[in-house]
Amino acid sequence: MTRSSTIAIDGPVAAGKSAVGALLALRLGYRFIDTGVMYRAITWAVLRDKIDLDDEAAVTALAQQTNL
């Protein structure tokens, strides 16, 4: 059985997290996932569909049915 590894990089805006993460993933042969882009995509979809930002159930449902 092989174990998968996850590396998380956290830091302030424009610190180079995505650039370093993408290079590190490439070097290690890992998949790079930019969660910031994922959050922005869901926010855009919520605003596009005029979903109330306080409606947790509706936002969650939209996130679950959105193919990123």
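A helix here is a DSSP run of H or I at least four residues long, numbered from the N terminus. With that in hand, welcome to this predicted model! Two helices will guide the tour: helix 1 covers residues 17-28, and helix 2 covers 35-48. We will visit a pocket, a surface patch, two exposed residues and a salt bridge.

**The largest pocket**
- Rolling a probe the size of a water molecule over the atoms shows where empty space is left.
- The largest pocket holds about 730 Å³ of space.
- Its lining is made up of 25 residues, and Ile7, Ala8, Ile9, Phe32 and Ile33 are the ones nearest the centre.
- Sorted by class, the lining has 12 nonpolar, 8 polar and 5 charged residues.
- Both helix 1 and helix 2 give at least two residues each to this lining.
- Helix 1 contributes the largest share, with 6 residues.

**A nonpolar patch on the surface**
- Look for Ile7, Ile9, Val20, Leu24, Leu28 and Tyr30, which together form a nonpolar patch on the surface.
- Their combined accessible area is about 500 Å².
- Val20, one member of this patch, is found in helix 1.
- Val20 has 49% relative accessibility, so Val20 counts as partly exposed; the exposed class requires over 50%.
- Ile7 and Ile9 deserve a second look: they belong to the patch, and they are also among the residues nearest the centre of the largest pocket.

**Two exposed residues**
- Arg31 sits in the loop between helix 1 and helix 2.
- Because its relative accessible area is 74%, Arg31 is exposed.
- Arg31 and Thr6 are 25 residues apart in sequence, and their C-alpha atoms are 9.4 Å apart in space.
- Tyr39 belongs to helix 2.
- Tyr39 counts as exposed because its relative accessibility is 60%.
- Along the chain, Tyr39 and Ala63 are 24 residues apart, while 9.3 Å separates their C-alpha atoms.

**The salt bridge**
- How many salt bridges does the structure hold? There is 1.
- Arg48 and Asp49 are the partners, and their closest N and O atoms lie 2.7 Å apart.
- That distance of 2.7 Å can be checked against the cut-off for a salt bridge, which is within 4 Å.
- Arg48 has 44% relative accessibility, so Arg48 counts as partly exposed.
- Asp49 is partly exposed too, with a relative accessible area of 37%.

Definitions and conventions: Residues are numbered from 1 along each chain as its sequence is written. This is a predicted model: local features need pLDDT of at least 70, side-chain atom pairs count only at pLDDT 80 or more; totals for chains, interfaces and linings use all residues. Side-chain values use heavy atoms; hydrogens and water are left out. Patches are made of residues with over 30% relative accessible area and no salt bridge: like charges are joined within 9 Å, nonpolar side chains (Val, Leu, Ile, Met, Phe, Trp, Tyr) within 5 Å. Accessible areas come from the Shrake-Rupley method with a 1.4 Å probe; for residues, only the protein chains shown count as cover. A salt bridge is a side-chain nitrogen of Lys or Arg within 4 Å of a carboxyl oxygen of Asp or Glu. Buried means under 20% relative accessible area, exposed over 50%, partly exposed in between (1.4 Å probe, protein chains only). On a 1 Å grid over the protein atoms alone, a cavity is a set of points where a 1.4 Å probe fits but cannot get out, and a pocket is an open set with protein on both sides within 12 Å along at least five of seven lines; lining residues have an atom within 4 Å of a point. Grid points are joined across faces, edges and corners, and a volume is the space filled by probe spheres set on the points. Ala, Val, Leu, Ile, Met, Phe, Trp, Tyr, Cys and Pro count as nonpolar, Asp, Glu, Lys and Arg as charged, and the others, Gly among them, as polar.
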